[in-house]
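This report looks at a few local features, taking single residues before a strand pairing. Please keep the sequence and the coordinates at hand while reading.

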Amino acid sequence: MITSEEIKRRLWDGATELRGSMDASRYKDYMLGLMFYKFLSDKTLEAFKVTSGLGNLTESELVEEYTEAKAEYGEQLDKMIQNVLGYYVSPEYLYQTWLKDINSGEFEVQKVTDSLNNFERTIAVSGDTNDFRGLFSSSTLDLTDTALGSNLNERSKSVKALILLFADLNMVALQKGDVLGDAYEYLIGQFAMESGKKAGEFYTPRQVSEVMAQIAAKTPGIKTIYDPTVGSGSLLLTVRKHLDEDTQKSLSYYGQEKNTATYNLTRMNLLLHGVRPEKMTIKNGDTLSQDWPEDPEHANEGVLFDAVVMNPPYSMKNWNRAGLKVSDPRFEVAGVLPPDSKGDFAFLLHGLFHLGQSGTMAIVLPHGVLFRGSSEGGIRERLLKKNYMDTIIGLPSSLFSNTGIPVVVIILKKNRKIDEPVLIIDASNSYIKVGKQNVLQEKDIAKIVDTYVERREENGYSHLATQEEIQNNQYNMNIPRYIEAVDGEIPHDVDAHLLGGIPRKNINGLKVLQSTVPDIMEQSLKEIRSGYAELVKPVDEISSDILSDSRIIEQIKKLESKTKSYVDKHWGIFKNGKVDIDSIPLMEEEMLVEIKGILSEFQYIDVYDGYQIVAEIWKNALTHDTEIIALSDFYTAGRTREPNMITKGTGDKKREEQDGWVGSIVPNKLIAEQLYSDELAEIESKNIRIQEIETELSDLVEAAKVEDSDEANALNGVLNEAGEAFENKLFKAELKKAIKGTVEYNLLSKVEKLLADKLALSKAVKEDEKALKEAVQERILTLTNEEIDNLMYEKWFGNTVNAMVSLVQQSLKTELNTLQMLHNRYAVTLSAMDNESRDLESAFEALLNELVVE
């Protein structure tokens, strides 16, 4: 059973090992192209098998049957497969034939080139077959390129290694549940990160795609979607993922891409994700130079789409090489052409021109489009006056691998109500750092989308800007003009520093504490003068009083009960085998939506922190495990184990070896912890004793370095050259020379025994660990249903209830920490500090007077 995560890891590891010094942006064309050809070959064999009514056959038997049928039926068989797929791969050009040649030692790179070239001639002549034409052109897949090897032999070796990478993958089977498509997208993303600045040509980071796609997918009755700078097609496919099954089936995809290699990548990506050829219209062309697609029945009128999504090149210079005029229908709405030095608004206006009256457009652009002046300021003003700008979403910097600049997602619509405000969201601080990149977490994406849907305002995060506000700001949409950053720092109070006490206004600002336990707060304070109070007990005691209060306990119990019911409900679904591979994304979505609903019933809990807890469960375990369960069932998967493959060696000697077995879904570590706790405790006890011995030996080593000490006299001669440890081989000679009963003999004997004990214990630990490892590996196969239940519940949901309950205390503890900070800040007044300073000066003067000068 191979999961999408394992395929991704295996393919990327293979790509990293095989590409050597070749540029990632170039190597991707070879790897992804040959992976797609394997898909075409597997689809051909599957179509032949189904149309011929053949039963279960091995792949080699199926290839043999296909070869014989081709010899007998010729063109008749070709047309039969063509009618089903729109193409066919002849037996002599199958990927499987390449593998056969490799195994027999008859492989030639020319055979691959011939196969790729022949595919063009096997495509059915019909309107939708343009989707396959030119996929393997020499400009994309040049197998004579010296980057693959300096000579034919080296190139042959490189191509063979790449072919073998996909040898045992059944691409047809992997298409189910979008496993194949996900692996393809993953590889594109990995190549993008490796490609650096070149990544912008073909890839939009997943988290940015998610924000745009989830918003675009909210468009009612969506039937068509268009990306004018389509890249790898990831944006189109991300929108598709958030649509229901029926809408997905009827959705038509349109896109245009200037770069030919990337254009080919788009088509492969869509086809691998199961998009039907007749549902995709992708063009290789320059979006800005010539408008596309045009309505064939109405000149100068573009085809309108329900959703438009795009991540165009940022601030493209010399974008107007075609000499376009403001009379171009796409730019008429702006009344002016965007500046030739920056093409951002040119792309935006192109997308807007093709947006349907009830549609939604999402475009990601550099932050400067919000405030730059001159002609761009005029375009922005026209768009705002015409009420097209719906939402502005400021994102963090460094989200893209090819630029560190902050970006903004702009949502445009043509059917907004008159005087409807523009929603502005500042999500620029919502991220975590992963390496050099900033990354939006699932909770950050969810909050952005929810804020958009609910059109809600939140201090420091979102604001509904009225037309009057926008006019007052002269149509400058720079986000800080509308949303003031929340300053977490509480200003210092001069009177409190001078006279002491915590300002009442600061205490009243602790909203959660004041609204949940106002009586406890009041009992913990003493008024020392108007507007100032001091604590009558330590914050630790106040915290204990609050967290043990019946109101807080009741809230915790309520959330605990609801979370337990939530977990038990979904646990039952997974455990009872109600998992279908195609429904896994929907199951995840349902769990995330449901937890938001549960947590929204509780005041002062951050719903999105709880959302992230569930998202992490999916990311770390459920995505992988549900896929395996869907391929068999819960208990079968629980009793299945897989080879634990490890990498050994480096460079040319790098190889994979099996190191025992691991559970397919049940972790070996968890089995050991729950079912072999005594054995683990025994190993731990021995390890503790080893650490104690090491401490004793270290102390003796240090003592041996002290001159003229007993230890130095006895042990200095048995230290290694570095003087950092005892040398075993020196002991026998020194003990022979030492006289029994002397300090020297006793110390040497002590060290010898400690070293012997450490050696024996280390050996015992090694043997115990080996025995435990083998026992766990065998136990996987015989786990009872009850044991699997306990182990898997612990793996998935062991900490979920406690994690959710901690959210109740989280906001309270945050404010209690603030209270402690305020207490510490004003505990010592300036006058007290002055008095202390004067006392110190007096004491110093008195000391000086006592000094007698002789």
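## E381 in helix α15

In this predicted model, E381 is partly exposed, with a relative accessible area of 27%; the label applies because the value falls between the limits of 20% for buried and 50% for exposed. The residue E381 belongs to helix α15, which covers residues 374-385. Although E381 and N476 are 95 residues apart along the chain, their C-alpha atoms are separated by 8.3 Å.

## R155 in helix α7

A second charged residue, R155, is found in helix α7, which covers residues 152-165. R155 is buried and yet forms no salt bridge, since the nearest side chain of opposite charge, that of D142, is 7.5 Å away, whereas a salt bridge is counted within 4 Å.

Which backbone oxygen lies 3.3 Å from a polar atom of the side chain of R155? That oxygen is the one of G149, and G149 also appears among the contacts of R155 once neighbours within four places in sequence are left aside. With that exclusion, the residues in contact with R155 are V109, L143, T144, D145, T146, L148, G149 and S150.

## The β2-α13-β3 unit

Strand β2, made of residues 252-257, pairs with strand β3, made of residues 280-284, in the parallel sense and over 5 bridges. Within this pairing, G255 stands opposite I282 of β3.

The two strands are also part of a β-α-β unit, in which β2 and β3 are joined by helix α13, residues 260-272, and the unit is right-handed.

Methods:
Residues are numbered from 1 along each chain as its sequence is written. This is a predicted model: local features need pLDDT of at least 70, side-chain atom pairs count only at pLDDT 80 or more; totals for chains, interfaces and linings use all residues. Side-chain values use heavy atoms; hydrogens and water are left out. Two strands pair if DSSP finds at least two bridges between them. Helices (H or I, at least four residues) and strands (E, at least two) are DSSP runs, numbered from the N terminus. A crossover is right-handed if, with the strands pointing away from the viewer, the path from the first strand over the helix to the second runs clockwise. Buried means under 20% relative accessible area, exposed over 50%, partly exposed in between (1.4 Å probe, protein chains only). Lys and Arg count as positive and Asp and Glu as negative; His and the chain ends are not counted. A polar contact is a pair of N or O atoms within 3.5 Å; within protein, one must be able to donate a hydrogen and the other to accept it, and residues adjacent in sequence count only if both atoms are side-chain atoms. Contact means heavy atoms within 4.5 Å.
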